[in-house]
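Dear colleague,

Please find below the structure we discussed handing over. I should be grateful if you would look through it alongside the notes that come after it.

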Amino acid sequence: QTDRQTDRQTDRQTDRQTFVNCKLKDLFDEISRGKRIKTSDRIKGELPFVTAGIVNTGISSYIQASQVRVFNKDTLTIDMFGSVFYRGYSYGADDHVTVLRNSNNDFSSYILRFMQPLIEKVIEGTFTYSRNFYPSDALHIEIPLPMYNGEIAYEFMEKFIRVIEKLVIKDLVIWADKKIRATKLIVKYKI
C-alpha cells in the first residue's frame, strides 16, 4: 500500500461522509402541478410555459402570466415522462409537469442542480406515455444525498457543482482556442 492510498483511506475515515437516501417529500415541502391550457387558448406573452418534453427543456411557448400560476425560480420540474429540469427563472407549467419547491428557499441553484440528475437517475425508465409521473409519485421517491456527521452536506453539493462548472468552462475555453487557431490557419493558407 502506497502513502497516497493510505492518505486517501485516512481522508475517507476522517470525513465520515456517506450517502443516505432522502425522501423528496422531506426535502420539498411544496409538490404541485401546473394547469392545462390548450395551445389554441394560450395568449402570447413573456412567461415561459413548461410542458412535457426535453426539447427546449420543455418550454413550449411564452404566455401571459395571468393565464397560469407563476412558479418561482430555483425549483425543479419533473414532466410526465420523468425528465427533470432545474428552473432558474419564473415560469408557468401545464398539468403534465410536477413542480418541486422548498418554500423556505433553503436550496441554492447549485444544490438543486446537484439533486436534478440524482432524481432523474432514480426514476429513469419508470415513467412513459402509458404510465405518467404525477405529484403523488414524488412522495415515494428517495435520492442519495451526501451526509457529513449526520447532516445533509449542502456545502459539499454546492462546491461539487461549482467545480464541475469550472471544469466545463475550462474545457470550453480550450475548445474555443483550438477553433480560433484552426480558423487562423485556414485564413492564413486560404484552405
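The notes below cover the aromatic rings, the charges beside them, and one helix with its surface patch.

Please bear in mind throughout that this is a predicted model.

Aromatic pairs

The model contains nine aromatic pairs. One of them joins F114 and F156 in an edge-to-face arrangement, with 6.3 Å from centre to centre and 75° between the planes. F114 belongs to helix 3 (residues 109–123) and F156 to helix 5 (residues 154–189), so this pair ties together parts that are 42 residues apart in sequence. The two partners differ in their surroundings: F114 counts as buried, because its relative accessibility of 8% falls under the 20% limit, whereas F156 is partly exposed at 31%.

F156 also forms an aromatic pair with F160; this one is tilted, with the centres 5.9 Å apart and 35° between the planes. Both residues lie in helix 5, four residues apart, which is about one turn of the helix. In an α-helix there are 3.6 residues a turn, so residues three or four places apart point the same way. F160 is likewise partly exposed, with a relative accessibility of 38%.

Elsewhere, ring pairs link F28, F107 and Y154 into a cluster.

Charges over rings

Two arginine residues may interest you here. The charged end of R87 sits over the ring of Y91, at 5.9 Å from the ring centre. Likewise, R113 places its charged end over the ring of Y86, 5.9 Å from the centre of that ring.

Helix 5 and the nonpolar patch

Helix 5 has 36 residues, and at 1.5 Å a residue it should span 52 Å; the C-alpha atoms at its ends are 53 Å apart, which agrees. Just after this helix, K190 takes a positive phi of about 50°.

Which residues form the nonpolar patch on the surface? They are F19, F156, F160, V163, I164, L167 and V168, and together they have about 620 Å² of accessible area. Helix 5 gives the most to the patch, with six residues. One residue of the patch, L167, has its place in helix 5 and is partly exposed, at a relative accessible area of 45%. F156 and F160 therefore appear twice in these notes, as a tilted aromatic pair and as members of the nonpolar patch.

With kind regards

Notes:
Residues are numbered from 1 along each chain as its sequence is written. This is a predicted model: local features need pLDDT of at least 70, side-chain atom pairs count only at pLDDT 80 or more; totals for chains, interfaces and linings use all residues. Side-chain values use heavy atoms; hydrogens and water are left out. Rings of Phe, Tyr and Trp (its six-membered ring) pair if their centres lie within 6.5 Å; planes under 30 degrees apart count as stacked, over 60 as edge-to-face and the rest as tilted. Helices (H or I, at least four residues) and strands (E, at least two) are DSSP runs, numbered from the N terminus. Buried means under 20% relative accessible area, exposed over 50%, partly exposed in between (1.4 Å probe, protein chains only). A charge sits over a ring if NZ of Lys or CZ of Arg is within 6 Å of the ring centre and within 35 degrees of the ring normal. The expected span of a helix is 1.5 Å times one less than its number of residues. Patches are made of residues with over 30% relative accessible area and no salt bridge: like charges are joined within 9 Å, nonpolar side chains (Val, Leu, Ile, Met, Phe, Trp, Tyr) within 5 Å. Accessible areas come from the Shrake-Rupley method with a 1.4 Å probe; for residues, only the protein chains shown count as cover. A salt bridge is a side-chain nitrogen of Lys or Arg within 4 Å of a carboxyl oxygen of Asp or Glu.
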